[in-house]
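Good morning, and thank you for the time on today's agenda. I would ask everyone to look at the sequence and the structure as they appear, and then to follow me through the main elements.

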Amino acid sequence: MAIRTTKKPTVDGLNENHNRLNMHYISNAYGYTVYYSVGATAKKFNASTLASETPYATFNKTAYVSTAAAVTAVNHHAQETGLPVIDLGSGVQGTIDRGAGQAYLTWQAGRWSVTVHASPVMGQDPVAMSKQLVALFNQYSLPIPSQVGAGNFDVTDNGLNQTITWQEGAILYKISARSAETAIKMASSMSR
């Protein structure tokens, strides 16, 4: 009821149905953030004790002063030319940029850019995760942004670092999750 007049994910993004899913939110004049967690017990929406639970995902809606400001806030990456090309399957080609102990594999899908970060110094490679993401995007459709959207993922599961961000006019939506699959499922449920 607190956020009934706006778009929001309609699925929890988890692989199994949890009967202990908890949600709370904070808001300001520009929007709100909903925190999703799985607790020891199910609690009422926005219960004061939920702030101490570690979220597995967040959903954020922010209103900007203009469409241009919302577009600028999306971490969209244009695919660069002159970089090595990687075949990711399903006809998708990405480019990989390696240097300074970092690797970024990027591809375009309509108005979306998708980037996977890895640290070769830590023995990481973005290719395997990128191929998994292409398969997930074939299964789940993301919302269509007005101008741009960005999926920014990290090979390391380190907090809420798997993000999907898009703008619709002057509104910016962002889903952050511990799992790329969770973020994709939640974002896909908003396109219905």
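Let me begin with a term. A residue is called buried when its relative accessible area is under 20%, exposed when that area is over 50%, and partly exposed in between. By that criterion, Phe-137 and Phe-153 are both buried. Please also keep in mind that what we are viewing is a predicted model.

I turn to the sheet. Its 10 strands form an open sheet with mixed pairing, and the order is β1-β2-β3-β10-β9-β8-β7-β6-β5-β4. At the edges stand β1 and β4, the latter covering residues 85–89, and each of these pairs on one side only. From one strand to the next, the twist averages 15°.

Within this order, I would like to dwell on strand β10. Which strands run antiparallel to β10, and over how many bridges? Strand β3, residues 57–63, is one of them, joined to β10 by seven bridges in an antiparallel arrangement. Strand β9, residues 162–168, also pairs with β10 in the antiparallel sense, over seven bridges.

Individual residues show how these strands are set against each other. On the β3 side, Thr-62 stands opposite Leu-172 of β10, and Ala-63 has Ile-171 as its bridge partner. On the β9 side, Gln-167 has Leu-172 as its bridge partner. Strands β9 and β10 form a hairpin with two residues between them, and there Gly-169 takes a positive phi near 65°.

Is strand β10 enclosed or open to the outside? Five of its seven residues, which span 171–177, are buried, so the strand is largely enclosed by the rest of the structure.

Next, the helices. Helix α2 lies across β4, β5, β6, β7, β8 and β9, and runs at about 20° to β6. Helix α3 packs on the sheet as well, touching β2, β3, β8, β9 and β10, with its direction at about 25° to that of β9.

Helix α3 deserves a closer look. Of its 10 residues, 180–189, nine are buried, so this helix is largely enclosed by the rest of the structure. Among the buried residues are Ala-180, Ile-184, Met-186 and Ser-189. What covers the buried residues of α3? The cover includes β2, β3, α2, β8, β9 and β10. At the N-terminal end of α3, Ser-179 acts as a cap, with a side-chain oxygen 3.2 Å from the backbone nitrogen of Glu-181.

Glu-181 appears again in a salt bridge with Lys-185, whose closest N and O atoms are 3.1 Å apart. The two residues both lie in α3, four residues apart, about one turn of the helix. Lys-185 is buried, at a relative accessible area of 13%, whereas Glu-181 is partly exposed, at 27%.

How many salt bridges does the structure hold? The count is four. Another of them brings together the side chains of Glu-168 and Lys-7, at 2.8 Å from N to O. Glu-168 belongs to strand β9 and Lys-7 to the segment before β1, so this pair ties together parts that are 161 residues apart in sequence. Lys-7 is partly exposed, with a relative accessible area of 37%.

A further salt bridge joins the side chains of Lys-43 and Glu-53, at 3.8 Å from N to O. Both residues sit in the loop between β2 and β3, 10 residues apart. Here Lys-43 is partly exposed, with a relative accessible area of 32%, while Glu-53 is buried, with 15%.

Finally, the aromatic residues. A search of the whole structure finds seven aromatic pairs. One of them is formed by Phe-137 and Phe-153, whose ring centres are 6.4 Å apart and whose planes meet at 55°, so the pair is tilted. Phe-137 lies in helix α2 and Phe-153 in strand β8, so the pair ties together parts that are 16 residues apart in sequence. These are the two buried residues with which I began. Elsewhere, ring pairs link Tyr-32, Phe-59, Trp-112, Trp-166 and Tyr-173 into a cluster.

To close, I return to the two elements discussed at greatest length. Strand β10 is largely enclosed by the rest of the structure, and helix α3 is likewise largely enclosed. Thank you for your attention.

Key. Residues numbered from 1 in each chain as written. Predicted model: local features only at pLDDT ≥ 70, side-chain atom pairs only at ≥ 80, totals over all residues. Heavy atoms only, no water. Buried < 20%, exposed > 50% of the residue type's maximum accessible area, 1.4 Å probe, protein only. Pairing = 2+ DSSP bridges. Contact = heavy atoms within 4.5 Å. Polar contact = N/O pair within 3.5 Å; in protein donor to acceptor, adjacent residues only side chain to side chain. Phe/Tyr/Trp six-rings, centres within 6.5 Å; stacked < 30°, edge-to-face > 60°. Axes fitted to C-alpha atoms, helices over the stretch in contact; angles between N-to-C directions.
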